[in-house]
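Q: I've got a model open and I'd like to learn how to read it. Could you walk me through it feature by feature?

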Amino acid sequence: SAEVDASAPAERAGCAGAARPAKSLPRLIVTLWRVGAEGEPPLRAREIALTNLIALLATASTLPYQVFYLTDIVHYAWIFAANMPFIATYASVLLLNCFGRLELARVLVILAVYVHIPVVLSLISAGSGCHLFYFPMAAAVAAVLGSPGRSATVLFVGLGALLYVWCHFAF
């Protein structure tokens with residue numbers, strides 16, 4: 001299996017590189033999660049990459065469901081349609097980082113995931129287990145916000161825990 005060094009410098013300049021076809025899926029993923037990080041100081045590049053990674057993981061966890069919903073689109077059209085604005089939002093996070101708007105991208109991706117999960121659960125129930133995604137999200141928030149934003153980290157991680165409990169009992 002091919003190994004990819006995520007800390008290696010990006011091979012393509014600027015944001016246009018993400019549109020070129022990659023030689024392998026791992027290389028494409030690394031290219032996408034580094035969109036906008038090239039030329040940035042190491043700490044900021046890490047924040048950009050982690051923000052992109054949250055958006056990519058949220059998209060990657062939604063797309064298999066979308067494919068499944070297509071098998072019976074008449075029955076699942078409502079949830080398929082509900083997921084589309086969130087997928088578009090996750091894609092916009094990479095574009096925002098591409099244009100140097102990390103702060104907006106970071107807030108947008110966290111809020112999108114925190115809203116996406118209850119929306120999905122309201123349509124399909126907590127029996128699906130989608131609210132379990134709050135656990136990796138809390139870890140990702142802690143990594144993205146880190147120690148400089150300690151109070152924001154505690155706030156967003158705590159909000160994630162509260163949303164998990166609320167979703168578990170409300171849906």
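A: Sure. Helices (H or I, at least four residues) and strands (E, at least two) are DSSP runs, numbered from the N terminus. Here the order from the N terminus on is α-α-α-α-α-α, with 6 helices and 0 strands in the chain. This is a predicted model, where local features need pLDDT of at least 70, side-chain atom pairs count only at pLDDT 80 or more, and totals for chains, interfaces and linings use all residues. Residues are numbered from 1 along each chain as its sequence is written, and side-chain values use heavy atoms, leaving out hydrogens and water.

Q: Which elements have the lowest and the highest mean pLDDT?
A: pLDDT is the predictor's confidence in each residue, from 0 to 100. The chain averages 79, and 78% of the residues score at least 70. Among the elements, helix 5 (residues 134-145) has the lowest mean, 69, while helix 3 (residues 73-98) has the highest, 95.

Q: Where does pLDDT stay under 50?
A: Over residues 1-13. The model has 17 contacts (heavy atoms within 4.5 Å) beyond four places in sequence for that stretch. Where pLDDT is low, the predicted coordinates should not be read in detail.

Q: Which residues have the most contacts inside the largest nonpolar core?
A: In soluble globular proteins, nonpolar side chains tend to be buried together. Buried means under 20% relative accessible area, exposed over 50%, partly exposed in between (1.4 Å probe, protein chains only). A nonpolar core is a set of buried Ala, Val, Leu, Ile, Met, Phe, Trp, Tyr and Cys residues joined through side-chain atoms within 4.5 Å. This one has 31 residues, and Tyr90, Val109, Ile110, Val113, Tyr114 and Met137 have the most contacts inside it. Helix 4 (102-124) is among the elements that give two or more residues to this core, and its share, 9 residues, is the largest. Leaving aside residues up to four places away in sequence, Met137 touches Ile54, Val109, Ile110, Val113 and Tyr114.

Q: Which residues of helix 1 are buried?
A: In helix 1 (residues 25-33) they are Val30, Thr31 and Trp33. Helix 2 (42-70) is part of what covers them. Over the whole chain of 171 residues, 40% count as buried.

Q: Does Ile73 count as buried or partly exposed?
A: Ile73, found in helix 3, counts as partly exposed because its relative accessibility is 33%.
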